[in-house]
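I opened a new notebook page for this one and wanted to go through it piece by piece. Here is what I looked up, in the order I looked.

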Amino acid sequence: MAPLTWDQVGERLYETGVDHGVLYLPDQTGVYNTGVAWNGLTTVTESPSGAEPNAQYADNIKYLNLISAEEFGATIEAFTYPDEFAECDGTALPNPGVAVGQQGRKQFGLSYRSRVGNDIDGTEHGYKLHLVYGCQAAPSEKAYATINDSPEAIAFSWDVTTTPAPVTGMKPTSLIVVDSTVVDPADLLALENLLYGQAATPAALPTPDAVIALFAGP
């Protein structure tokens, strides 16, 4: 068996960037069958929580650790957002150009890409598709400041909590990540055709089971 080596050519990997954001709205049955491009997406901060140990003692010793349930949250930052996101942000649009706040907040799904780079290809080495289910946005601040000699665009931000979706044979999840440098290119294309839509098919977010089945092989 060969000894371990570090930092070999082509193995100096890193991740960077965020692009190809898509907002998905569910129908009355919870199926995410309406996808809309999210322009101006600047940052998605994934923030898992939970999975905390709860020590149990017996016979005067630490007997075991029980681990609490893990939850997935995120923070979305963007210069703008799709009109369709209004109902997810507690805003009703009764008439064109008229927005009424403090309304109910609809759940949504989200997908976005992060770049995978290495020392040979740079950021063109590959990418990861992040699929997020059961999202709900919390109220957020919007700071409108005077225009000065160093103008900046307003950066909108939303804290997002999630409700996990069921996965056959596994615990429910709110997040699936697909690595383009590992999966079969044809299977990846099939997934992207679903996520981004085609001429005769609208963009949609498939269920976790459907995503896993795409990459199950022959």
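**Entry 1: the hairpin**

I started with β1 and β2, which form a hairpin with five residues between them. In the turn I noted Gly30, whose phi is positive, at about 90 degrees. A reminder to myself before going on: this is a predicted model.

Next I checked how the two strands pair. Strand β1 covers residues 14–26 and strand β2 covers residues 32–37; they run antiparallel and are joined by five bridges. Which residue of β2 does Leu25 stand opposite? I found Thr34 there.

**Entry 2: the nonpolar cores**

I then turned to the inside. On background, I kept in mind that nonpolar side chains tend to be buried together in soluble globular proteins.

The largest nonpolar core here has 20 residues. I asked which of them touch the most other members, and got Trp38, Leu41, Ile76, Phe85, Phe108 and Trp158. Two or more residues of this core come from each of β1, β3 (41–50), β6, β9 (108–118), β10 (122–137) and β11 (156–162). Which element gives the most to this core? My note says β6, with four residues.

Apart from this core I found another one, of 16 residues. Val22, Leu188, Leu191 and Leu195 are among its members.

**Entry 3: the cysteines**

How many disulfides does a search of the whole structure find? I wrote down zero.

I wanted the reason, so I looked at Cys88. Its closest cysteine sulfur is in Cys135, and because the two sulfurs are 9.1 Å apart, they are too far from each other for a bond; the cut-off for a disulfide is 2.5 Å. Cys135 is likewise in no disulfide, with the sulfur of Cys88 as its nearest cysteine sulfur.

Are these cysteines buried or exposed? Cys88 has 0% relative accessibility, so I list Cys88 as buried. Cys135 has 2% relative accessibility, so Cys135 goes down as buried too.

**Entry 4: the largest pocket**

Last, I went looking for empty space. The largest pocket holds about 280 Å³ of it.

I copied out the lining: Ala69, Glu70, Glu71, Phe72, Thr162, Pro164, Lys171, Pro172, Thr173, Ser174 and Leu175. The elements that give two or more residues to this lining are β6 (70–78) and β13 (170–173). By type, I sorted the lining residues into five nonpolar, three polar and three charged.

One cross-reference for the margin: β6 turns up in this lining and also in the largest nonpolar core.

Methods
Residues numbered from 1 in each chain as written. Predicted model: local features only at pLDDT ≥ 70, side-chain atom pairs only at ≥ 80, totals over all residues. Heavy atoms only, no water. 1 Å grid on protein atoms, 1.4 Å probe; cavity = no way out; pocket = protein on both sides within 12 Å on 5 of 7 lines; lining within 4 Å. Points joined across faces, edges and corners; volume = space filled by probe spheres on them. Nonpolar A, V, L, I, M, F, W, Y, C, P; charged D, E, K, R; others polar. Pairing = 2+ DSSP bridges. Core = buried A, V, L, I, M, F, W, Y, C linked by side-chain atoms within 4.5 Å. Buried < 20%, exposed > 50% of the residue type's maximum accessible area, 1.4 Å probe, protein only.
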